[in-house]
Amino acid sequence: MLSTVPGGPHGGQMMAAGVPPQMQNMMSAPSPFMAQLGLPPAIMALFAPRAPLPYKKPIEKPKLPPYSGVGAYIALFETELPTDLDPYRPPETKRQRTERLQREKKEHNENENAEKLKLWNPNEDPNIGSDPYKTLFVARVSYKTTAEQLEKEFSVYGPIKQVKLIKDLQGKSRGYAFIEYENKVDMNAAYKFADGKQIGDRCVLVDIEKGRAVKNWRPRRS
């Protein structure tokens, strides 16, 4: 907003409303250089220098004690290691923890198997009444396969005395069985030709009963 100041070239000078008095004085008396530009006083006031900054006393810095090294405190250090402190143990990394758990699990399984092997004696097991030299061990049996299906598949090699499909405490198949033949020759024929035979959705593996037929034989796991 502009206002008219008496004494202007056209009967009054145009001044910006709200301009400080010192700025108005500068506007009323522009510098010779700015006067040569022919700019309005309101524009020339934008290029006028501001008032100088007021003087402020510098802030006094507090006096600090002089710097010193640790040499003055060496006498305060302990000369002997404390006896009530535990020795330093670096923290266990994630990889070290994994290896430790695997090692502990392996040792636990080995100790458990060793204790079971001390009690393992198939020759004195009252639940085993078959002839070891006429018995065929069948592994990788499908969990859906029944004893009747095994007897049907293996009876092609000779008459079977009994088929024992091993089950857990819940009555579910554990995937292996023992087949006792009437004759040793029939068991040898099944051992020779039945290996890899497909029964159900799996190919079975056959072997002799090594627990009683092979001296000093031990299972891999109990």
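Start by selecting strand E3, residues 135–139, in this predicted model. Four of its five residues are buried, so E3 is largely enclosed by the rest of the structure. Keep E3 highlighted, as the next few stops branch out from there.

**The sheet around E3**

Now add strands E4, E5 and E8 to your selection. Together with E3 they make an open sheet of four strands in the order E4-E5-E3-E8, with antiparallel pairing. The edges are E4 (160–167) and E8 (205–208), each of which pairs on one side only. From one strand to the next, the twist averages 25 degrees. If you switch on hydrogen bonds, here is what to look for: strands of a sheet pair through backbone hydrogen bonds, either parallel or antiparallel.

Which residues stand across from Leu136? Pick Leu136 and look both ways: its bridge partner in E5 is Ile179, and in E8 it stands opposite Ile208. E3 is joined to E5 by four bridges, running antiparallel, and four bridges also join E3 to E8, again antiparallel. For another pair along the E8 side, select Ala139, which stands opposite Leu205.

**Out to the E4 edge**

Move next to E4 and E5, where six bridges hold the antiparallel pairing. A good pair to label is Gln162 and, opposite it in E5, Glu180. Follow the backbone around the turn: E4 and E5 form a hairpin with five residues between them, and Gly171 in that turn has a positive phi of about 85 degrees.

**Just past E3: Arg140**

Return to E3 and step into the loop between E3 and H5, where you will find Arg140. What is the phi of Arg140? It is near 60 degrees, a positive value in a residue other than glycine. For context, most residues other than glycine have a negative phi. Colour by accessibility and Arg140 counts as partly exposed, at 44% relative accessibility.

**Two helices across the sheet**

Select H5, residues 147–154. This helix lies across E3, E4, E5 (173–181) and E8, and runs at about 140 degrees to E4. Then add H6, residues 184–193, which lies across E3, E5 and E8 and runs at about 140 degrees to E8.

Stay with H6 and look down its axis. Which of its residues are buried? Asp186, Met187 and Ala190 are. They cover an arc of only 100 degrees around the axis, which puts them on the same side of H6. That fits a simple rule of helix geometry: an α-helix has 3.6 residues a turn, so residues three or four places apart point the same way. Show the surroundings of the buried residues of H6 and you will see them pack against E3, H5, E5 and E8. Rotate to the other side of H6 to meet the exposed residues Val185, Lys192 and Phe193.

**Two loop residues, two settings**

First, select Glu209, in the loop between E8 and helix H7 (210–213). Is Glu209 buried or exposed? Its relative accessible area is 8%, under the 20% cut-off, so Glu209 is buried. Leaving aside neighbours within four places in sequence, Glu209 is in contact with Ser130, Pro132, Thr135 and Phe178.

Second, go to Gly200, in the loop between strands E6 (198–199) and E7 (202–203). Gly200 is exposed, with a relative accessible area of 60%. Draw a C-alpha to C-alpha distance from Gly200 to Gln149: it comes to 9.0 Å, although the two are 51 residues apart in sequence.

**Zoom out**

Finally, show the whole chain, whose secondary structure comes to seven helices and eight strands. Of its 222 residues, 22% count as buried. The chain exposes about 18700 Å², with carbon and sulfur atoms supplying 56% of it. Among contacts with a separation of 6 or more, 54% are between residues 24 or more positions apart.

Before you close the viewer, colour by pLDDT. The chain has a mean of 81, and 83% of its residues reach 70 or more. Then select residues 1–17: pLDDT stays under 50 there, and the model has 28 contacts beyond four places in sequence for this stretch.

Definitions and conventions
Residues numbered from 1 in each chain as written. Predicted model: local features only at pLDDT ≥ 70, side-chain atom pairs only at ≥ 80, totals over all residues. Heavy atoms only, no water. Pairing = 2+ DSSP bridges. Axes fitted to C-alpha atoms, helices over the stretch in contact; angles between N-to-C directions. Contact = heavy atoms within 4.5 Å. Buried < 20%, exposed > 50% of the residue type's maximum accessible area, 1.4 Å probe, protein only. Arc of directions from axis to C-beta. Areas by Shrake-Rupley, 256 points an atom, 1.4 Å probe, with all protein chains shown as cover. pLDDT = per-residue confidence, 0-100.
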